[in-house]
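Colleague: Could you take me on a close look at a single part of this model? I would love one connected walk-through rather than a list.

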Amino acid sequence: MIVFQIVGDEMARKSTVDVNRRGFLGSLAAASTGAVAAAVPGAQAADPVTGKPAPEAGDKPRGAMPPSAAETAAEFGAPGKAVVSTAVSCGSDFMVDVLKSLDIDYLFANTASSFRGLQESIVNYAGNKKPEFITCMHEESSVGMAHGYFKASGKMQAMACHGTVGLQHASMALYNAYCDRVPVLAFLGNLAVANQRANATDWRHSAQDPAAMVRDFTKWDDQPLSLQSFAESTVRGYKLAMTPPMAPVALVADAELQEMELHERAKLVIPRLTAMSPPQGETGAVREAAKLLVAAEHPVIIADRLARTQAGMDRLVELAELLNAPVIDQATRQNFPNTHYLCQSANSAALVRGADVILGLEVTDFWGQINQYVLAEHGFSSKVKGPAKTITLGTTDIFMKSNYQDFQRYPAVDISITGDGEATLPSLIEEVRRGLSNDRKTALGARADGFRKAHAASFEAARAAAANGWDTSPVSTARLCMELWQAIKAEDWALVSVGASPGFVSNWPHRLWSIEKQYQYLGVSSGGGVGYGLPAAVGAGLANKKLGRFSVNIQCDGDFMYAPGALWSAAHHRVPLLSVMHNNRAYGAEAMLVQHMANRRNRPIKPVDIGTVIDDPPINYAKLAQGMGVYAEGPITDPKDLAPALKRAVAVVKRGEPALVDVVTQMR
Amino acid sequence: MNKLIVLALLALASTANAADRSVAERGRKNYVEFGCVKCHGIAGQGSVSGLKLAPDVLPADAIITFLRGTTGPMPRYGAEIISDAQIIEIHAYLESRPKPASPDSIAALKDIRGKR
């Protein structure tokens, strides 16, 4: 009998049932191999306590032979004494109750032994509802899907992985979520009590402190050692992750806790989740900022990860219109409707150069907005011509970690307002309104005309530019994006992913589509970790399925190959998602960067293709997708074939399934 | 006009065209092999990573001067990498590009103003 030294709550200590975590499965294994045990020499020799495998006869034929005790032990743990659970519940059922209390819809995971108890509770105890188990083919995809899901719906979801090998896979995606201020509830399977580890694999898949690996880029983590503390830590983790600045949290789901029998469920309490209130900027600082903005002749507003909801966009429109101030949208969220005359992202360089007041809203790299690297000088120069007053409003200062340098260079600004941008905008708007005299309103109104003209001119210039190279093959990115726009614009669409940057398709959606709702564009990975695009799109597609929106993903080829299995998850879970390959058969950004090196060193250009071009053999993405049960067409090289293919694919997605169109494209 | 003279003139014109075409062809090859295509697009249409080069192509000598001397975001091309003759061929390729159609004649670019 194993005593639960580590479990703090009364119930566990009083438990009289054999709670060897291997007991239950061990009995299953023993039952299924019962006949074998007699036939295979050494089968009974496995140590029932340590699970140490019995020595195997090296020359025994394998083929169709039933598994040896050693193999069974390696797979399932040592056969313990047959124990039939008499408990009505188990630890992981309670864990599911905790997830239900938080209204978690999905657990994204690649199945793994260290959370088998939790997985079984989800599929049987919960009937695979709230949370539903989403089968992922890589832990990086599990996080990426939860990442995309959140940005589409505003609802945090859970993922689970081994606290060791699974987390090693998941870590890059957690870093992306961290940089993107996106909450994810990550459960790490682990077996803390060493003498419970049945075999070598159990040891390898256990860690003393699993979350250490991701502590530098999660907001909080915990390793609760009782079910009661599991409940409290999970609710706390949820609250922390969802309070701006948002970020992932990691919670160890100890295997022992998952698999223990639970006799006195009533003694466990799941604390209530209190509604979260985002921190707001201090009134005095907000008032000072408003004064500067009202008095400014050339104010510029830069918005980064500002709009968490539609309200964020609406408030920014209100502020911009009050001031008649141009907005530069950084394309990490859709902060501002791109059809609005004050959307001046296309003219950002000139506007920043001439600005007298610059307001940064949730801008991670404010320093980089007002300074630029000059290659020829190997140094930096200011982007702003004259002396400009600078104001930042955001949550960066509340939460910052030391190791990874996502916090960017320190900006010395005139007013720094610490608070959530979206939550602080109403008071800023109020202060601006209060500070505006009628005369000033009229004066500010006079700016509108110039901005309307500039906005129209940028749009017309972009339209003309899109026509240039329209009929070329490989397909131009302008044609790729504009045929796509034609195919989806009648739907309630959302561009859920564009890979690492909308610049990879030369910003055509932002230049020429009408993006007027916050949910219509979900931004980028933010950490620059490749392998985000497809999983995030699938996660967002799952969220949008519930919300009745049509999801579209512009999928870069290099990114696709990191996590192609996400497409199978989309097929398996019937996620309606249109993926259009931007297949330039290269790692485009790196191809340019390595070429820069060759140019600088006066060396040949052609060898730069080595390691950056993906064309020998060319990858057939349609076949890959078809192999995973996804409707797919391509590779399309003749631009005339694009529109009809997209039309067919849209019809498939409208039926509720994923579809992919592979288009061979130009670099950008 | 004498029929023979006309025929001779036509023949001359077509060899000149063929010569232009082969220069432009070589220019296209250079344009791809020296990596211009990555940033400027196959039609010279430009992208976020490079300016539009065609139509309204800069004179060949201006392109040579720019490639040799740039210190901006575009990588500098020394004579060790690409010769003047090869740049002149690129110029011929860019000049050979057909004029782009008006966006109003392209269905997917026509009525897209929306609320603008």
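What follows is a close look at one helix and then at its wider setting.

Colleague: How many of the 15 residues of α21(A) are buried, and what surrounds the picture in the rest of the model?

Modeller: Happy to, and please keep in mind that this is a predicted model. Helix α21 of chain A covers residues 533–547. Counting 1.5 Å a residue, its 15 residues should span 21 Å, and the end C-alpha atoms lie 20 Å apart, so the expected and the modelled spans agree. As for burial, 12 of the 15 residues have under 20% relative accessible area, so α21(A) is largely enclosed by the rest of the structure. The buried residues begin with Gly533(A), Leu534(A) and Pro535(A) and run on through Ala536(A), Ala537(A), Val538(A), Gly539(A), Ala540(A), Gly541(A), Leu542(A) and Ala543(A) to Asn544(A). After the helix comes Gly548(A), with a positive phi near 75°.

Now to the nonpolar packing. In soluble globular proteins, nonpolar side chains tend to be buried together. The largest nonpolar core here has 93 residues, and Phe108(A), Leu185(A), Phe187(A) and Leu660(A) touch the most other members. Helix α8 of chain A, residues 165–179, gives this core its largest share, 8 residues. At least three residues come from each of domain 2 (88–274) and domain 4 (468–664) of chain A. For a feel of the surroundings of Phe187(A), set aside its neighbours within four places in sequence: its contacts then include Leu99(A), Leu107(A), Met159(A), Cys161(A), Phe230(A) and Leu251(A). A second, separate core holds 48 residues, among them Val294(A), Phe336(A), Leu351(A) and Leu428(A).

Chain B completes the tour. Its elements run α-α-α-α-α from the N terminus, which makes 5 helices and 0 strands. Of its 116 residues, 39% count as buried. Among the contacts in chain B with a separation of 6 or more, 51% link residues 24 or more positions apart. The accessible surface of chain B is about 6,700 Å², with 64% of it on carbon and sulfur atoms.

Finally, the two chains meet through 42 residues of chain B and 43 residues of chain A. Together they bury about 3,300 Å², of which 56% is on carbon and sulfur atoms. On the side of chain B, Lys38(B), Ile112(B) and Arg116(B) supply 24% of the area buried against chain A, more than any other three residues.

Conventions: Residues numbered from 1 in each chain as written. Chains lettered and ligands numbered in written order. Predicted model: local features only at pLDDT ≥ 70, side-chain atom pairs only at ≥ 80, totals over all residues. Heavy atoms only, no water. Helix = DSSP H or I, 4+ residues; strand = E, 2+ residues; numbered from the N terminus. Buried < 20%, exposed > 50% of the residue type's maximum accessible area, 1.4 Å probe, protein only. Contact = heavy atoms within 4.5 Å. Areas by Shrake-Rupley, 256 points an atom, 1.4 Å probe, with all protein chains shown as cover. Expected span 1.5 Å × (residues − 1). Core = buried A, V, L, I, M, F, W, Y, C linked by side-chain atoms within 4.5 Å. Domains from an automatic or database assignment. Buried area = accessible area lost by both parts, 1.4 Å probe.
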